[in-house]
Amino acid sequence: MSGSDLVFYILALMTLCFGVLTVTSRQIFRAAVYLLFCLLGVAGIYFWLNYQFLAAVQIVVYAGGIVVLILFSIFLTQQSGEKLPVPAVSRKFFSALAAFCALALVLVSVFRFSFAESGKRSALVSMSQIGEKMLSPGEGGYALPFEVISVLLLAALIGCIVIAIKTKPDAR
Amino acid sequence: MTEPGLYHILTLSALLFCTGMYGFFTRRNLITLLMSVELMLNSVNLNLVAFDRYVWPEKTEGLFFSLFIIAVAAAEAALAIAIIIHLYRTHKSIDVQEAEELKY
């Protein structure tokens, strides 16, 4: 087994362990930090697959943005030191059963289907290629989704402000 | 332990998705539900990137789909947190069992 394979297995193990800890930890703050490490593991796998730009976006948007946002909202909404309640055993059992059945279904269908893997190693997608494709309106370009995403982000921004705005008690 | 390929990444992403699903079913706090959803979105991204890498290496669709999914996930997380904080202000709790009114 070469070093590269070992790196993949370590990253996969790290991602899975932290993922499981995220959904089982009883302290919500710790769960958020475990989520951060899980997302960093996924970013590591993107690096391993040679998708540098995607890995950078993953780190900037998820680790830098979403996890920090989640941590702030935990500060705003949780009493410190309070542990999350333990879910009932039946609930745990049936959730695990449902998740396991879904996993079995997916894995069985994945392994029964043989994908036409092309042996070629993909060339590194450069930053300039990504930029050109993002703004090209022609064949294989993503100008329309790019614009739609920008409008969506604007709408989300305005929506957040409208939802979270504090109304005066007597204005209701 | 063989050389990691498409099937290894697909298995990893299926495991990650089911972990997120388990969390989504068992948790009752809205913020932890959001974290489970993020796990599931990440596993989908991993899937798309794996197909892009191993099945269609000469195309870049998987990469761009992942980028757009990350952008939508960011918007979704921001909106969800705005709603959660507003809910906390009005109900003093972010437990899903106690958020049973659409308007108050």
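Q: In this predicted model, what distance separates the centres of domain 1 and domain 2 of chain A?
A: Chain A is divided into domain 1 (1–84) and domain 2 (125–172), with bounds from an automatic or database domain assignment. The model is predicted: local features need pLDDT of at least 70, side-chain atom pairs count only at pLDDT 80 or more, and totals for chains, interfaces and linings use all residues. Residues are numbered from 1 along each chain as its sequence is written, and chains are lettered from A and ligands numbered from 1 in the order in which they are written. Taken over C-alpha atoms, the centres of the two domains are separated by 24 Å.

Q: At what angle do the axes of α3 of chain A and α3 of chain B cross?
A: Helix α3 of chain A covers residues 52–77 and helix α3 of chain B residues 61–91; helices are DSSP runs (H or I, at least four residues), numbered from the N terminus. Axes are lines fitted to C-alpha atoms over the stretch in contact, with angles from 0 to 180 degrees between N-to-C directions. These axes come within 10 Å and cross at roughly 5 degrees.

Q: Why is chain B more spread out than a compact globule?
A: Chain B has three helices and zero strands. The globule rule is 2.2 Å times the number of residues to the power 0.38, and the radius of gyration is taken over C-alpha atoms. For 104 residues the rule gives 13 Å, so chain B is more spread out because its radius of gyration is well over that, at 17 Å.

Conventions:
Helix = DSSP H or I, 4+ residues; strand = E, 2+ residues; numbered from the N terminus.
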